[in-house]
Amino acid sequence: MGLVYINGELVPKEEAKISVFDHGLLYGDGIFEGIRVYNGHIFHINAHVDRLFNSAKAINLEIPISKSEIKEALNKTVKASELDDPYIRLVITRGEGTLGLDPRKCAKPQIIIIVDKIQLYSEELYKKGLNTAIVSTIRNHYEALNPRIKSLNYLNNILAKIQCAAFNKDEGIMLNKDGLVAECTGDNIFIVKDSVVITPPTSAGILLGITRNTIIDLAREKGIEVKEMDLTRYDLYTADECFLTGTAAQIISVVTIDDLKIADGVPGKITLSLLDAFRNLISNYAGEK
Ligand code: PMP
C-alpha cells in the first residue's frame with residue numbers, strides 16, 4: 001500500500017494532507033529527492049541524504065531533523081509500506097506561511113516521505129529505446145536557480161516536457177544558455193563516441209545525478225573510458241550511442257533525436273551492457289550503513 005510519512009506520522013496515501021498555505025505549494029519553495037529501494041535496501045541512501053542537505057543549504061532551509069533521523073524515517077516508512085522495492089519521494093517544504101513570499105514567516109519545514117510504486121517506461125521501451133527532441137526551453141541558468149539544487153520548482157523541466165509532448169517524443173533534451181547540452185527533463189544524458197562514454201560536466205548546469213555517478217563507476221569497472229566534457233547538438237546527432245540515466249528511469253537508450261537516428265536507430269552495445277551491469281548491481285544490492 002502507498003504510505004506517507006508527514007513530520008513523524010505515518011498515514012495512508014489517501015489521507016496525507018498539508019496546508020494550502022505551505023510555501024512548497026504556493027511557490028515551489030522546498031526541495032526533494034527521488035530514491036529507489038532495490039533488493040530490500042535503499043539505493044545510495046547516503047548520497048541522496050547528502051544531496052538533500054546540500055539542496056537545503058543552498059536555499060537556506062534548515063531541515064529540523066538530522067541526517068541519521070531522516071535515514072531512520074526513510075527505512076521505517078519503507079518497511080511499514082510493505083511494498084516490494086518501492087520508489088520513495090522525500091520532500092522538504094518551507095512550511096506553512098503567509099500569502100507573501102517571505103520564507104522567514106514560514107513556521108516550520110514539513111518533512112514528507114511518500115512511498116509508492118513507479119514505472120516511467122515499459123520494458124518494451126528499454127529494449128527499443130526512446131525517441132527524443134532537443135527543446136527550445138533552455139535549462140535554468142546556474143546563477144538564477146542552480147540545477148544542482150533539487151528544488152520543488154520544476155517548471156523549467158515541465159515547460160520542456162510540454163514541448164516534448166507537443167513533438168510527440170518520449171523525452172526532451174535541454175541545452176544551456178550557451179547552447180551546450182545540459183540534461184533531460186528528469187534525467188542526465190550520455191553519449192558514446194568511438195567507445196568512449198561522455199557526459200556533460202556539472203559546469204554545464206545539471207543535477208549531479210546519483211544514477212549518473214553509478215553508471216560512470218560501472219563503465220570504469222568494465223574498463224570503458226569515461227569523460228565529462230561539454231557536448232553540442234552536433235555531438236548528439238553524430239554519436240554512436242546515446243542513453244539517459246535517472247533514479248526513476250534507471251538507464252535507457254535514446255535511438256532518435258529530432259527524428260534523426262542515432263547510429264542505426266537501435267540501442268547500442270555499450271548502452272545495453274551498462275543496462276545489464278546496472279540490473280545486476282541492483283538485484284544483488286546489499287545496502288549501505
Ligand atoms: N536531472 C534531473 C533534472 C532530474 O530531475 C533527475 C532526477 N530525476 C536527474 C537528472 C537524475 O538524477 P538521479 O540519478 O539522482 O535520480
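1. The protein is divided into two domains, domain 1 spanning residues 3–116 and domain 2 spanning residues 123–283. The structure under discussion is a predicted model, and the points below should be read accordingly. The C-alpha centres of domain 1 and domain 2 are 26 Å apart.

2. The two domains touch one another through 25 residues of domain 1 and 19 residues of domain 2. The size of an interface is often given as the accessible area lost when the parts come together. Between domain 1 and domain 2 the buried area is about 1,700 Å², and carbon and sulfur atoms give 65% of that area. On the domain 1 side, Phe32, Tyr38 and Arg51 supply 35% of the area buried against domain 2, more than any other three residues.

3. Regarding polar interactions across this interface, the count of salt bridges between domain 1 and domain 2 is zero. By contrast, 11 residue pairs are in polar contact between domain 1 and domain 2, with both residues of each pair at pLDDT 80 or more.

4. Four secondary-structure elements of domain 1, namely α1 (23–27), β3 (30–38), α2 (45–58) and β5 (87–93), each supply at least two residues of the side that touches domain 2. Strand β3 gives the largest share of that side, with eight residues. By class, the side of domain 1 that touches domain 2 comprises 12 nonpolar, nine polar and four charged residues.

5. The ligand has 17 residues around it, of which Tyr154, Glu183, Ile210, Thr211 and Thr247 come nearest. For tyrosine 154, an N or O atom of the side chain is 2.4 Å from an oxygen atom of the ligand. Two further residues deserve mention here. A polar side-chain atom of arginine 51 lies 2.9 Å from a ligand oxygen atom, and for lysine 150 the corresponding distance from a polar side-chain atom to an oxygen atom of the ligand is 3.3 Å. Arginine 51 thus appears in two settings: Arg51 is one of the three residues named for the area that domain 1 buries against domain 2, and a polar atom of its side chain lies 2.9 Å from an oxygen atom of the ligand.

6. The structure as a whole holds 14 salt bridges. One of them joins lysine 13 and aspartate 116, whose closest N and O atoms are 2.9 Å apart. This pair links distant parts of the chain, 103 residues apart: lysine 13 is in the loop between β2 (9–12) and α1, whereas aspartate 116 is in strand β6 (residues 110–116).

Methods. Residues numbered from 1 in each chain as written. Predicted model: local features only at pLDDT ≥ 70, side-chain atom pairs only at ≥ 80, totals over all residues. Heavy atoms only, no water. Domains from an automatic or database assignment. Contact = heavy atoms within 4.5 Å. Buried area = accessible area lost by both parts, 1.4 Å probe. Salt bridge = Lys/Arg side-chain N within 4 Å of Asp/Glu carboxyl O. Polar contact = N/O pair within 3.5 Å; in protein donor to acceptor, adjacent residues only side chain to side chain. Nonpolar A, V, L, I, M, F, W, Y, C, P; charged D, E, K, R; others polar. Near = heavy atom within 4 Å.
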